[in-house]
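Work through the exercises below with the structure open beside you. Try each task before you read its solution.

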2 protein chains.
Amino acid sequence: MLHPLHFVISERLRDRILSGTYQPGDQIPSEHQVMAEFEVSRITARRAIANLAQQGLVTVQRGKGAFVATQQKVVYSLSSPLLSEAEMARQGVEVTVENLQYESVTMPAEVQKILGGAIAYLQKKILLFNGIPSCVDVTYVQPDLGKVYARELRRALTFSVLEKHGISIQKVDAVIECTQADYETSEQLEVPLGHPLIVNRHTAYSQERGAIVHGESISRGDRFCYSVRIERGGSRE
Amino acid sequence: MLHPLHFVISERLRDRILSGTYQPGDQIPSEHQVMAEFEVSRITARRAIANLAQQGLVTVQRGKGAFVATQQKVVYSLSSPLLSEAEMARQGVEVTVENLQYESVTMPAEVQKILGGAIAYLQKKILLFNGIPSCVDVTYVQPDLGKVYARELRRALTFSVLEKHGISIQKVDAVIECTQADYETSEQLEVPLGHPLIVNRHTAYSQERGAIVHGESISRGDRFCYSVRIERGGSRE
DNA sequence: GAATTAAGCTTGTTATAACAAGCTGAAAGT
DNA sequence: ACTTTCAGCTTGTTATAACAAGCTTAATTC
């Protein structure tokens, strides 16, 4: 036997998904239907379906079944964040903010090195796209800004609030990576343990003040991605 | 019972990893040791270990055991790809290229829209970081460039080769997203089905010629990430 | 000393079994 | 008509069992 049964079955079901037999939102055969169709035990059927879930092709809901996942993602432009927020609205994505934590704290050493000083405002928000938790945003903001704009920052996107008040973001340094959901983020984003996440760790600078915001946005990898345009000027970068 | 046994056990083992009891490279308890320690069946022990693997905390090898994974990632700068290649060398990362496919093909319609014309060179390479398959690179190159620099493109990084021959990349449009390995990429990158991947879908433009390269780099999410610096000039972008 | 084999350990696959927990729609009750 | 209950369906957890396949080291053979 070249391949395990569970793999053969999951590739068969995968082919049906890719060929359009099952469309996004459609239910795929239940465990018992897979057992009957392929004449295997339940544990083999479950593993085949789990393989599909693992590849992001289906999402499984207890009591309901497994459904073909949409592959559509919201695109957020790092090059023009404010325009990107308007673009998301144009894509039919309504962003709402749920505040988890907002307080003045002593920064960890690595953050102090970036923002300077010892104290900053720590904000933790969940961003919901069309009511679905999709992003956990954890950032430190300079204390004076964090204090003055507290009310607005608790319920809107950080860059929008700052820009609205004339604090213009002149530069952003970002690192984009993939991680997997631990228990905490799996609960916050309502995804399974280990679900792929795309993380944007960033520091934003204004012209007059230097570094003003530092932190990370942790988004569902299945719902979100980043675009960026890199241009080189006349001189070598 | 608030949480399943498998979850309780995996959180206990996770804490040991995070607290440093087990360091990267160390072996965690085997399935039978977990069975004995926590007095559970083998399937529960396996599931606990699988939860850790799912979170990227351990990697499991048949016949050997489960080992704490390193969390170190290679950082590749989108803002200065050539400098980034030198930086990788400085980080002790030797990049070698394994050519999978290199041929003149008729482009799919969407690629034609970007590169123009009907024919391009399709290159598929595996990039190995220190001998370990870490990235699958699939790109279309303008046909005249693909033909003239075939020998070099087969065994080096695309941008390096072009730059070396005076084809200067003036702009790059990129989309960064997370996906999960299907069978093909899991085989190419030697990772499990569903392993998180970071994908960079890009189009590179030169000043004189417009779009010259289009395609995607699919890298292991556990080994690779992107950095980018976004600056706004005097005018609003 | 080098090569081969075997024992012991490790993970991988598959089966049967039973109970738990959530979802949905129809039937029963108010 | 609205609310509650129940049956049937679905996935989730855990156990026992057995065999397969890979890894490593020690013992045996050449």
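**Exercise 1. A pair of neighbouring strands**

Which residue of S8(A) does A:Thr179 stand opposite?

Solution. The model is a predicted one. Begin with the two strands: S7 of chain A covers residues 169-180, and S8 of chain A covers residues 196-206. They run antiparallel and are joined by 11 bridges. Across from A:Thr179, in S8(A), stands A:Leu197. As background, strands of a sheet pair through backbone hydrogen bonds, either parallel or antiparallel.

**Exercise 2. The sheet around that pair**

Find the order of the strands in the open sheet that holds S7(A) and S8(A), and name its edge strands.

Solution. Step one is the order, which is S4(A)-S5(A)-S6(A)-S9(A)-S8(A)-S7(A)-S10(B)-S3(B). This makes eight strands, and their pairing is mixed. Step two is the edges: strand S4 (95-106) of chain A and strand S3 (74-77) of chain B each pair on one side only. Step three is the twist: with direction ignored, neighbouring strands are turned by 20° against each other on average.

**Exercise 3. An open sheet with S3(A) at one end**

Why is one side of S3 of chain A and of S4 of chain B left without a neighbour in the sheet?

Solution. First write down the order: S3(A)-S10(A)-S7(B)-S8(B)-S9(B)-S6(B)-S5(B)-S4(B). It is an open sheet of eight strands with mixed pairing. Strand S3 (74-77) of chain A and strand S4 (95-106) of chain B stand at the edges with a single partner strand each, so one side of each has no neighbour in the sheet. The twist from one strand to the next averages 20°.

Next look at the S4(B) end. S4(B) pairs with strand S5 (residues 119-129) of chain B in the antiparallel sense, over 11 bridges. B:Glu98 stands opposite B:Ile126 of S5(B).

**Exercise 4. An aromatic pair**

Describe how the rings of B:Tyr76 and B:Tyr226 are placed, and say where the two residues sit.

Solution. A pair of aromatic rings is described by the distance of the centres and the angle of the planes. For B:Tyr76 and B:Tyr226 the centres are 5.9 Å apart and the planes make 85°. Planes over 60 degrees apart count as edge-to-face, and the pair of B:Tyr76 and B:Tyr226 is edge-to-face. B:Tyr76 belongs to strand S3 of chain B, and B:Tyr226 to strand S10 (residues 224-231) of chain B. The two are 150 residues apart, so the pair links distant parts of the chain. Over all chains the structure holds 12 aromatic pairs.

**Exercise 5. The surface near DNA strand C**

Which residues come nearest to DNA strand C, and which element gives the most to the surface near it?

Solution. There are 23 residues around DNA strand C, and A:Leu5, A:His6, A:Ser41, A:Thr44 and B:Arg42 come nearest. Sugar and phosphate make up 73% of the atoms of DNA strand C that come within 4 Å of the protein.

Now check single contacts. An N or O atom in the side chain of A:Ser41 is 2.6 Å from a phosphate oxygen of DNA strand C. For B:Glu31 a polar backbone atom is 3.0 Å from a phosphate oxygen of this DNA strand. For B:Arg46 a polar side-chain atom lies 3.5 Å from a phosphate oxygen of DNA strand C.

Finally, H3(A) gives the most to this surface, with four residues. By class, the surface near DNA strand C has six nonpolar, eight polar and nine charged residues.

**Exercise 6. DNA strand D and a hairpin**

What part of DNA strand D lies 3.2 Å from a backbone N or O atom of B:Gly63?

Solution. The part is a base nitrogen of DNA strand D. Phosphate oxygens of DNA strand D have contacts too: one is 3.1 Å from an N or O atom in the side chain of B:His6, and one lies 3.0 Å from a polar side-chain atom of B:Arg47. Of the atoms of DNA strand D within 4 Å of the protein, 74% belong to sugar or phosphate. H3(B) gives the largest share of the surface near DNA strand D, four residues.

Then turn to chain A. S1(A) and S2(A) pair in the antiparallel sense over four bridges, and A:Val60 has A:Ala66 in S2(A) as its bridge partner. The hairpin of S1(A) and S2(A) has three residues between the strands, and A:Gly63 takes a positive phi near 85° there.

Notes
Residues are numbered from 1 along each chain as its sequence is written. Chains are lettered from A and ligands numbered from 1 in the order in which they are written. This is a predicted model: local features need pLDDT of at least 70, side-chain atom pairs count only at pLDDT 80 or more; totals for chains, interfaces and linings use all residues. Side-chain values use heavy atoms; hydrogens and water are left out. Two strands pair if DSSP finds at least two bridges between them. Axes are lines fitted to C-alpha atoms, for helices over the stretch in contact, and angles run from 0 to 180 degrees between N-to-C directions. A residue is near a molecule or strand if one of its heavy atoms lies within 4 Å of it. A polar contact is a pair of N or O atoms within 3.5 Å; within protein, one must be able to donate a hydrogen and the other to accept it, and residues adjacent in sequence count only if both atoms are side-chain atoms. Ala, Val, Leu, Ile, Met, Phe, Trp, Tyr, Cys and Pro count as nonpolar, Asp, Glu, Lys and Arg as charged, and the others, Gly among them, as polar. Rings of Phe, Tyr and Trp (its six-membered ring) pair if their centres lie within 6.5 Å; planes under 30 degrees apart count as stacked, over 60 as edge-to-face and the rest as tilted.
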